[in-house]
Amino acid sequence: MGGVLIVRATKKLQRLTGLSTAPDDERGTTLLGPWFATVLSWRPRVALLVNESTLLPVLMPLAPASTLTSRIGEQVTRVLGAHHVPAAIIDQEWRHMQTCQLGVTTNRSVVGVMTEFARLAEIHHDADPAIDLVALAVRLARTPCGPLYNRNVSPDRELAAILDAIGPDRASGVGGDGELGEKRRSRHSRAGSRPWGWDGRA
């Protein structure tokens, strides 16, 4: 079964990878929902992605920019593996990332978190230009984020809580509009209005 991964790119990244095609309300079919992405002007340049649901960060080489969308799924699965996500869930997510559509950013709060991750990543990169991107992404995932203060504080803990809620034995039946989406909406509804963290702009 195929699927669709939605990546909401900043204007800076879209200029390098192509125009957006995904509607603003499209969430795709992936377990974790849409990702947001931007470019870091390192040498060589790096793409930074942040998952909308968990705020989990992923870092990957940008070049060649023309193939970025076809490589995102593989890098996401690497990072999920580094977080010890069960293989059944990683396989399920991989099957739903075979097609990637770019869209415009639709959540200023997630963009703000991404901006803060970019700042922190640059600090680590300046200290060690050869730092492994997967290891750096795992390190950034331990960062407390404003949107998660009333839930699980950091992206790695938010990811673990979501996976624990659905259970690996039920992963094969979960997609972007499936059980995880319902759990996410239900959790947000119970929590009511929460202050989102950093306020960023694409």
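Me: Which residue in β3 is the bridge partner of A37?

Reply: This is a predicted model, in which local features need pLDDT of at least 70 and side-chain atom pairs count only at pLDDT 80 or more, while totals for chains, interfaces and linings use all residues. Residues are numbered from 1 along each chain as its sequence is written, and side-chain values rest on heavy atoms, with hydrogens and water left out. Strands are DSSP runs of E with at least two residues and helices are runs of H or I with at least four, numbered from the N terminus, and two strands pair if DSSP finds at least two bridges between them. Strand β2 (residues 35-40) runs antiparallel to strand β3 (residues 46-51) over six bridges, and within this pair A37 has as its partner L49.

Me: Which strands does helix α4 touch where it packs on the sheet?

Reply: Angles run from 0 to 180 degrees between N-to-C directions, with axes fitted to C-alpha atoms, for helices over the stretch in contact (heavy atoms within 4.5 Å). Helix α4 (residues 108-127) makes about 40° with the direction of β2, and the strands that this helix touches are β2, β3 and β4.

Me: What angle does the direction of helix α5 make with that of β4?

Reply: Helix α5 (residues 133-140) likewise packs on the sheet, where its contacts are with β3 and β4. Taken against the direction of β4, the direction of helix α5 makes an angle of about 160°.

Me: In what order do the five strands of the open sheet stand?

Reply: Strands of a sheet pair through backbone hydrogen bonds, in either the parallel or the antiparallel sense. The open sheet here has mixed pairing, and its five strands stand in the order β4-β3-β2-β1-β5.

Me: Which strands stand at the edges of this sheet?

Reply: Neighbouring strands of the sheet are turned against each other by 30° on average, direction ignored. Two strands have a single partner strand each, so one side of each is left without a neighbour in the sheet, and these edge strands are β4 (57-61) and β5.

Me: Which residue in β5 stands opposite V7?

Reply: Five of the six residues of β1 (residues 4-9) are buried (under 20% relative accessible area with a 1.4 Å probe, protein chains only; exposed is over 50% and partly exposed lies in between), so this strand is largely enclosed by the rest of the structure. On one side, three parallel bridges join β1 to β2, with A9 partnered by A37. With β5 (residues 99-104), β1 pairs in the parallel sense over six bridges, and opposite V7 stands L102.

Me: Which residues touch the most other members of the largest nonpolar core?

Reply: A nonpolar core is a set of buried Ala, Val, Leu, Ile, Met, Phe, Trp, Tyr and Cys residues joined through side-chain atoms within 4.5 Å. Leaving aside neighbours within four places in sequence, V7 is in contact with W35, A37, L49, I72, C100, Q101, L102 and G103. The largest core has 33 residues, and those that touch the most other members are V7, W35, L49, I72 and L80.

Me: Which helix gives the largest share of this core?

Reply: Apart from the core just described lies another of 22 residues, among them L59, V110, A118 and I131. In the largest core, the largest share amounts to five residues, and these come from helix α2 (residues 68-82).

Me: With which residue does R27 form a salt bridge?

Reply: A salt bridge is a side-chain nitrogen of Lys or Arg within 4 Å of a carboxyl oxygen of Asp or Glu, and the whole structure holds four of them. In the one formed by R27, the closest N and O atoms are 3.2 Å apart; R27 lies in the loop between α1 (11-17) and β2 and its partner in the loop between β3 and β4, so the pair ties together parts 25 residues apart in sequence. R27 is partly exposed at 23% relative accessibility, whereas a value of 15% makes its partner buried, and that partner is E52.

Me: What is the N to O distance between the side chains of E158 and R151?

Reply: E158 is buried, with 1% relative accessibility, and R151 also counts as buried, at 17%. The two side chains meet in a salt bridge, with an N to O distance of 3.0 Å.
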